[in-house]
Amino acid sequence: MIKIKLSIVFLFFIIITADAQQHNFSDNYVVPSDTLVQQKLAHWQDIKFGLLMHWGTYSEWGIVESWSICPEDEGWTQRKGPYAANYFDYVKAYEKLQTTFNPVKFNPKKWADAAKDAGMKYIVFTTKHHDGFCMFDTKQTDYKVTSPNTPFSTNPKSNITKEVFNAFRNDGFMIGAYFSKPDWHCPYYWWPYFPPKDRNVNYDPAKYPERWNDFKNYTYNQIEELMTGYGHVDILWLDGGWVRPLKTVDTSVEWQRTIHYNQDIDMKRIAAMARKNQPGLLIVDRTVSGEFENYVTPEQTIPHEPLPHPWESCITMGNSWSYVPTDKYKSTNQLIHMLVRIISRGGNLLLNIGPSPEGDWSDTAYSRLLEIGKWMKVHSEAVYNTIPLAPYENDNVVYLQSKDKQQIYVYVLSDNNTDEVALPATLKLDNITLNKKSKVVLLDNPSIKISQKTIDDVSTLIIPQKNLKNPLRYAAVFKIEHSL
Ligand code: GLC
């Protein structure tokens, strides 16, 4: 009897842990039924590499995006500076940043050209973050970049979202609007009658349905503005997953334990309107899962294995999403390895850069993109239009294949401590059997003759060391034409 009980408990434990692991990235993924969405999603999966930008008035203080006005006792919400001692004084000063926001160096064409040269093919831009400040010309509030209260409003490029979208669209990018569902400035979300307690709505929507309804309309109207006044949009990237129906809250996920109220924003209505204006639009209702999360977005992390649905890792080039003057940027080597590992598991990389209050990126950001671009020019055929190939990665060797499975790409990554790839004299291929017709080319050095041999029953590349063009940097790629 005891034995049976124990095994039931054990089984239960296994189910719970398996379930909790799944929650890391996805659950209940719903394949979109709209064929236009399917097509756009397939195209988006082929282009692999995008740019995320977090930009708002918070850049003036060089602090975390929005979170310092959230009254939660967490490391990243910590207030700093002269107003930090008193929450309400702080929020007042923070919101006053609107009156000094004047990014006169704003030149989105410069960004688009640099991103394009690096091989990026889509952009996601913060039209509104959690603090509610709108980087577009909304009619729903004056807390926006185009308000007369904001000095930049007199600039011909004041409708920043429009300018960013146009510049990147001109460079052939897919266009994504980041939009925060929660809004910590809107009186229908944080009702000034009560003090805010945490990131959530600060009243019970069931008790004050009219106020919540006003919030639903506020959100709907803003998204409608973005979907109608800003040209062709491909992705609606909705952040702030705590705004969701209570029934979808998953208390096994730690951050969702604070969600006590039903915050149903009526995604069905929003999605219908958005797709009427932007047919085939990808909607990314982050972390909520279900029919309005067309792809899943692990944050600052790379899954170990391919996921059973479309996904994208969003990762910062520095440590912060927002501009922080002293931020430490990842090396080109780290960034290229991230990209390679992500695509080898079938994902996309959405790499974030935070613009400064003057409206430019740091020199480091440009130089990283330039270096990535140089590497991409040699290797891009092994990046775009690829799909995973088991074993994905083994001992710094990464495997991918072209979508039509005619080409295999074997990446040899550099050592972590140096940028240089040390190609061995022989490279045993894991799980790949070559035949006499297989043709091998080292993309980095196509003139060199790579032969192959079977050693201990394993297909092995023989790499002549003599004529190697050195140094090979970041990651070298063997292309194997492999029509069987
Ligand atoms: C996190 C941050 C949020 C940021 C987002 C981007 O959720 O809290 O500020 O916008 O990541 O993925």
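**Sheets, helix packing and ligand shell in a predicted model**

Student: In this predicted model, what is the order of strands in the open sheet of three strands?
Tutor: The pairing in this open sheet is antiparallel. Its edge strands are E12 (426-428) and E14 (451-455), each of which pairs on one side only. Neighbouring strands are turned against each other by 30 degrees on average, direction ignored. The order is E12-E15-E14.

Student: Which residue in E15 stands opposite leucine 427?
Tutor: E12 and strand E15 (residues 458-462) run antiparallel and are joined by three bridges. The residue in E15 opposite leucine 427 is leucine 461.

Student: What is the order of strands in the open sheet of seven strands?
Tutor: Here the pairing is parallel. Strand E5 (282-285) and strand E6 (312-316) each have a single partner strand, so one side of each has no neighbour in the sheet. From one strand to the next the twist averages 20 degrees. The order reads E5-E4-E3-E2-E1-E7-E6.

Student: Which residue in E7 is the bridge partner of glutamate 312?
Tutor: Five bridges join E6 to strand E7 (residues 348-353), and the two run parallel. The bridge partner of glutamate 312 in E7 is asparagine 348.

Student: What angle does the direction of helix H5 make with that of E2?
Tutor: Helix H5 (residues 160-170) packs on the sheet of seven strands. The helix touches strand E1 (49-53), strand E2 (122-128) and strand E3 (174-180). Its direction and that of E2 make an angle of about 175 degrees.

Student: Which residue in the turn between E8 and E9 has a positive phi?
Tutor: Strand E8 (residues 386-394) and strand E9 (residues 397-402) run antiparallel, joined by five bridges. Across this pair, isoleucine 387 stands opposite glutamine 401 in E9. The two strands form a hairpin with two residues between them. The turn residue with a positive phi, about 55 degrees, is aspartate 395.

Student: Which two residues does the cis peptide bond join?
Tutor: Omega of this bond is about 10 degrees. One of the two residues, proline 391, lies in strand E8. The bond joins alanine 390 and proline 391.

Student: Where does glutamine 300 lie?
Tutor: Glutamine 300 has a phi near 55 degrees, a positive value in a residue other than glycine. Its place is the loop between E5 and E6.

Student: How far apart are the axes of helix H4 and helix H9?
Tutor: From H4 (residues 108-117), the contact uses Lys110, Trp111, Ala114, Ala115 and Asp117. They meet Tyr366, Leu369, Leu370, Gly373 and Lys377 in H9 (residues 363-379). By class, this contact has six nonpolar, one polar and three charged residues. The helices pack at an angle of about 35 degrees, and their axes are apart by 7 Å.

Student: How many nonpolar, polar and charged residues are in the shell around the ligand?
Tutor: The residues around the ligand include His54, Trp67, His129, Tyr178, Trp237, Cys314 and Trp321. Glu65, Asp239, Arg286 and Glu299 are also among them. Sorted by class, the shell has five nonpolar, two polar and four charged residues.

Student: How much of the ligand's accessible area does the protein cover?
Tutor: A polar side-chain atom of histidine 54 lies 2.6 Å from an oxygen atom of the ligand. For histidine 129 the distance from a polar side-chain atom to a ligand oxygen is 2.8 Å, and an N or O atom in the side chain of tryptophan 67 is 2.8 Å from an oxygen atom of the ligand. On its own the ligand has 310 Å² of accessible area, and the share the protein covers is 88%.

Notes. Residues are numbered from 1 along each chain as its sequence is written. This is a predicted model: local features need pLDDT of at least 70, side-chain atom pairs count only at pLDDT 80 or more; totals for chains, interfaces and linings use all residues. Side-chain values use heavy atoms; hydrogens and water are left out. A residue is near a molecule or strand if one of its heavy atoms lies within 4 Å of it. A polar contact is a pair of N or O atoms within 3.5 Å; within protein, one must be able to donate a hydrogen and the other to accept it, and residues adjacent in sequence count only if both atoms are side-chain atoms. Accessible areas come from the Shrake-Rupley method with a 1.4 Å probe; for residues, only the protein chains shown count as cover. Ala, Val, Leu, Ile, Met, Phe, Trp, Tyr, Cys and Pro count as nonpolar, Asp, Glu, Lys and Arg as charged, and the others, Gly among them, as polar. Axes are lines fitted to C-alpha atoms, for helices over the stretch in contact, and angles run from 0 to 180 degrees between N-to-C directions. Helices (H or I, at least four residues) and strands (E, at least two) are DSSP runs, numbered from the N terminus. Contact means heavy atoms within 4.5 Å. Two strands pair if DSSP finds at least two bridges between them.
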